[in-house]
Each structure stands twice: as structure tokens, then as C-alpha cells.
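This report covers a helix pair, a ligand site and two backbone features. Please keep the sequence and the 3D view open while reading.

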Amino acid sequence: MSSSVNDVRLKRLAILISGNGSNLQAIIEAIQNQQLSAEIAVVVSNQPNAHGLQRARDAGLPTKLLKHQDYSNRVDYDQALINTIDHYQADLIIMAGFMRILGESFIDRYKNRIMNIHPSLLPKYKGLNTHAKAIAGGDSIHGASVHFVTNQLDAGPVIIQGIVPIHQNDTAERLQQRVHRIEHRIYPTAVKWFVEDRLTIKDKKVLLDNQQHSDQQLHINA
Ligand code: GRF
């Protein structure tokens, strides 16, 4: 069932979500607009009510619900995920607001083939509540990072960062909206670089076209 352009097999994406799925939507649209040449093989959610599932169905994509409550431990849950990903022959696993921590054996199995997006300029502000932390820290800039997933939470090598200003009197909500807008630009870009085989990792740094490239930082001033 895999599609092709000029007989070239498109790279297959498994996108993991738990909620709204606006980053999923950005990737769907990048493919529809032919900015990104890849195939979404499956969208997996651990939450039955995730709006992203509806977005996937609207786009005619295969979906799979894997409720974590149905599994007694993480190893079994990760195995169910592995079964799904391998069934759909995914080349790249994209965590897009997937609110589960993946186990070591899962991450090792797909080494350098799992991406995540985190709403901060890593290594700053790992974990939750990043927008409030950036405001409380008195920072003048904030943003989002797409990184490869390793066994250390939010600490894998960064592929691209989107940088936005923090304005005076910003609230966490307003800042979150600004960061979201830049997420929707940097995630499809990171995926595009991956499917075009332009990314390498050297000394725990991600290189684009074999160098640390200025395109790996995107600044938005509004
Ligand atoms: C994003 O803010 C992302 O940085 C974080 O989860 C959120 C997902 O948003 N990891 P959405 O579901 O893609 O709208």
C-alpha cells in the first residue's frame, strides 16, 4: 500500500499523539502542499478523545488507539507500540504531544529514528510548564526545539529550534500560542530534513548537510 513518486519509496512516518494534534496537522498540510515528500503510515493515540485522531481521520489516514490503561506495565505497552510501528513499516517515529514516556528498549530499537518537539529552547526548561518558567525566569526569548529522543528526558540532540520573543506583560497562554505557531514551522522542516537524508549526528550534535547550519535556528520577531 506504500505510495511512491517516480518509483522512489517515500519515507513512512508514524505519528504519536495524545491531544489536540496541531503539530500533526502541520505535518499533514506540509505533505498536502508538497513541501514535504513523505507518507504518514499511521497516527497512534493513547487517548480515545484526542482531537488529533479526528484530524487524522479527516485526512484519510490510518489510526490506531493504544490505551495505556489496557496494559499492566510499560514494557507491554511499548511492545504494543513496537508491533504497530513495525506493522506499518515506519521509518521515522514522530512524537507530537504524546504524553507517555517511552522505555529504554523502545528507544534503543529505533535509535536516531524518534523525534520529539519540546516547547522550550533546550537545554533550558525540560519537563512541564515551560512557558511559565521562561516568564518567571525573566527571559527575553523562548521557543521550541525538535530533537532526537534518547533515554534522557528532553535531552537528545537538537535538530532545529524556533525562537520567539517574550513581550512585557506576556502571559503563559499568549506565549504558548506564539510558540505553537513556530512549532508548526519547525516540525515539518525537521521531518523534511530527515526524509531527505540530510541529518547526521556527530559528537551528540545534529548536523544539517554535514555542518551546524544557520537554518537550524528560526527566529520569529512577532
Ligand atoms: C506542543 O506544545 C509540543 O511542544 C508538546 O506538546 C504540544 C502538542 O501540541 N510536546 P499539539 O497536540 O500538537 O497541538
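How far does a polar side-chain atom of Glu183 lie from an oxygen atom of the ligand? In this predicted model, the separation is 2.7 Å. Two other residues also place a polar atom by a ligand oxygen, Gly21 through its backbone and Ser22 through its side chain.

| Residue | Atom of the residue | Distance to a ligand oxygen atom |
|---|---|---|
| Gly21 | backbone N or O | 2.8 Å |
| Ser22 | polar side-chain atom | 2.5 Å |
| Glu183 | polar side-chain atom | 2.7 Å |

The surroundings of the ligand consist of Asn20, Gly21, Ser22, Asn23, Gly97, Ile117, His118, Pro119, His180 and Glu183.

Ser22, Asn23, His180 and Glu183 also belong to the contact between helices H1 and H6. H1 spans residues 22–32 and H6 spans residues 172–195. Their axes are 9 Å apart and form an angle of about 50°, so the two helices are oblique to each other. The crossing of H1 and H6 is right-handed. On the H1 side the contact is made by Ser22, Asn23, Ala26, Ile27 and Ala30, and on the H6 side by His180, Glu183, His184, Tyr187, Pro188 and Val191. By class, these residues are 6 nonpolar, 4 polar and 1 charged.

Two loops carry backbone features. The loop between strand E7 (114–118) and helix H5 (130–136) contains Pro123, and the peptide bond from Leu122 to Pro123 is cis, with omega near 10°. Asp154 is in the loop between strand E8 (141–148) and strand E9 (158–165). Although Asp154 is not a glycine, its phi is positive, at about 55°.

Technical notes
Residues are numbered from 1 along each chain as its sequence is written. This is a predicted model: local features need pLDDT of at least 70, side-chain atom pairs count only at pLDDT 80 or more; totals for chains, interfaces and linings use all residues. Side-chain values use heavy atoms; hydrogens and water are left out. Axes are lines fitted to C-alpha atoms, for helices over the stretch in contact, and angles run from 0 to 180 degrees between N-to-C directions. Helices (H or I, at least four residues) and strands (E, at least two) are DSSP runs, numbered from the N terminus. Angles under 35 degrees count as roughly parallel, over 145 as roughly antiparallel, 65 to 115 as roughly perpendicular and the rest as oblique. A crossing is left-handed if the near helix is turned anticlockwise from the far one by less than a right angle, and right-handed if clockwise. Contact means heavy atoms within 4.5 Å. Ala, Val, Leu, Ile, Met, Phe, Trp, Tyr, Cys and Pro count as nonpolar, Asp, Glu, Lys and Arg as charged, and the others, Gly among them, as polar. A residue is near a molecule or strand if one of its heavy atoms lies within 4 Å of it. A polar contact is a pair of N or O atoms within 3.5 Å; within protein, one must be able to donate a hydrogen and the other to accept it, and residues adjacent in sequence count only if both atoms are side-chain atoms.
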